[in-house]
Structures are given as structure tokens and as C-alpha cells.
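Please explain how the helices of this protein pack and where its nonpolar residues gather. The sequence and the structure follow.

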Amino acid sequence: MDKLIKCRARLMRGNVGIASMLLPLPFVESECETMATDGKSIFYNPKFVDDHTDEEIEGVLIHEACHVIWEHPLRKGSRNHKLWNVACDYAINNYLLYKLDMDLPDGGVWDEKYNDMSAEQIYRILDTDDDALQKLRLFSTFSLFLEIIKICFNKIIFYIFFVNFKIIT
């Protein structure tokens, strides 16, 4: 959690307006894959936070603040939760990348074709565009595949280190 607090403090020095939204949102350790918000708290996976640079975590913190500022949890209505979240992520990530020039971790969704669109506009496109939905499914599958490769690679490195360390001692 120290890294999150440090990143939030750095954001307050440079992006006071948006970053101030982070102050009333407590950080809650979670088993979510990355980070998330319900509009009242910011949930984080400690491994995700540790595996990314301070700049990327700052981008994700502002991303979560934008969900709250733009009232995404309140505007969802009866929409499909997963599709609404993806539409909101496109809207936020495009804003962060193309307007604020912030760093975001690989694996997120953004596409310049959705630039300057609201989450509602993006949702309507995604909801009626079979190609976009298929790309989204492929992207999700590919992201999962990359995460599995990363975990396996880390285990192999650990095993190599452990075996070599044991031989030395």
C-alpha cells in the first residue's frame, strides 16, 4: 500500500483537480486482477501494483478516479455490466492517453476511434458491432494468455534461482 500512497501523493503535486478525488477513497486490498472502484473505495491487487512502474500506477489511480468523477457506477443503469465497464474504460483510457499523455500498463483497452466519445456512445457501438465484440473477446483471451506466460516465466526463474542457490550452499 506504500506504493499507492506515494503515487497518490505525487499525483496531488501535479494533477490536484483530478487527484483530489482520490483522497476520500480508501485503498482496499483485493483479489481483483488489477484495480477497481465501486465509487466508494479503490480495490487493488498488491501483485499488480508491485509489477508496474509508479507512472503506470499513477495512470491507473487517475483512471479509477475518473470512474468516480464521471459517475460511471451511477450512469450504468440496466446496461450489461461487463460491456459498460469496457465502454467506460475506453472513454477514460483514451482521455488519459490522448489528452493527458499519461502512462498506462499494457493490457488495457484504448482505441483512438473512440476518442472524444462518451461511455454511452462507445457502449452503443460495442453493443451493436459484432466485429468490436469479437475483438474484445480475442483481446481478453490474449491478455489472459500473456498473464499465464508471465506467471510461468516467473516460476521458471524462481526454480532456476532456487536450484542454483541450493547447489552453491
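**Cores and helix packing**

In this predicted model, the largest nonpolar core has 25 residues, and those with the most contacts inside it are Leu 4, Met 35, Leu 61 and Ile 62. Two or more residues of this core come from each of H1, helix H2 (16-19), strand E3 (42-44), helix H3 (46-50), H4 and H6. H4 gives the most, with seven residues. Leu 4 touches Phe 27, Met 35, Tyr 44, Val 49, Ile 57 and Leu 61, not counting residues up to four places away in sequence. Apart from this core lies another, of 13 residues, among them Trp 84, Ala 87, Val 109 and Leu 126.

The packing of H4 can be followed through two helix pairs. The axes of helix H1 (residues 2-14) and H4 come within 9 Å and cross at roughly 75°. An angle of 65 to 115 degrees counts as roughly perpendicular, so H1 and H4 are roughly perpendicular to each other. On the H1 side the contact includes Leu 4, Cys 7 and Leu 11, and on the H4 side it includes Ile 57, Leu 61 and Ile 62. By class, the residues of the contact of H1 with H4 are six nonpolar, no polar and seven charged.

Helix H4 (residues 54-69) also packs with helix H6 (residues 81-99), at an angle of about 125° and with the axes 10 Å apart. H4 and H6 are therefore oblique to each other, and their crossing is right-handed. Gly 59, Ile 62, His 63, Cys 66 and His 67 in H4 meet a set of H6 residues that includes Cys 88, Ile 92 and Leu 96. This contact has six nonpolar, five polar and one charged residues.

How values were computed:
Residues are numbered from 1 along each chain as its sequence is written. This is a predicted model: local features need pLDDT of at least 70, side-chain atom pairs count only at pLDDT 80 or more; totals for chains, interfaces and linings use all residues. Side-chain values use heavy atoms; hydrogens and water are left out. Axes are lines fitted to C-alpha atoms, for helices over the stretch in contact, and angles run from 0 to 180 degrees between N-to-C directions. Helices (H or I, at least four residues) and strands (E, at least two) are DSSP runs, numbered from the N terminus. Angles under 35 degrees count as roughly parallel, over 145 as roughly antiparallel, 65 to 115 as roughly perpendicular and the rest as oblique. A crossing is left-handed if the near helix is turned anticlockwise from the far one by less than a right angle, and right-handed if clockwise. Contact means heavy atoms within 4.5 Å. Ala, Val, Leu, Ile, Met, Phe, Trp, Tyr, Cys and Pro count as nonpolar, Asp, Glu, Lys and Arg as charged, and the others, Gly among them, as polar. A nonpolar core is a set of buried Ala, Val, Leu, Ile, Met, Phe, Trp, Tyr and Cys residues joined through side-chain atoms within 4.5 Å. Buried means under 20% relative accessible area, exposed over 50%, partly exposed in between (1.4 Å probe, protein chains only).
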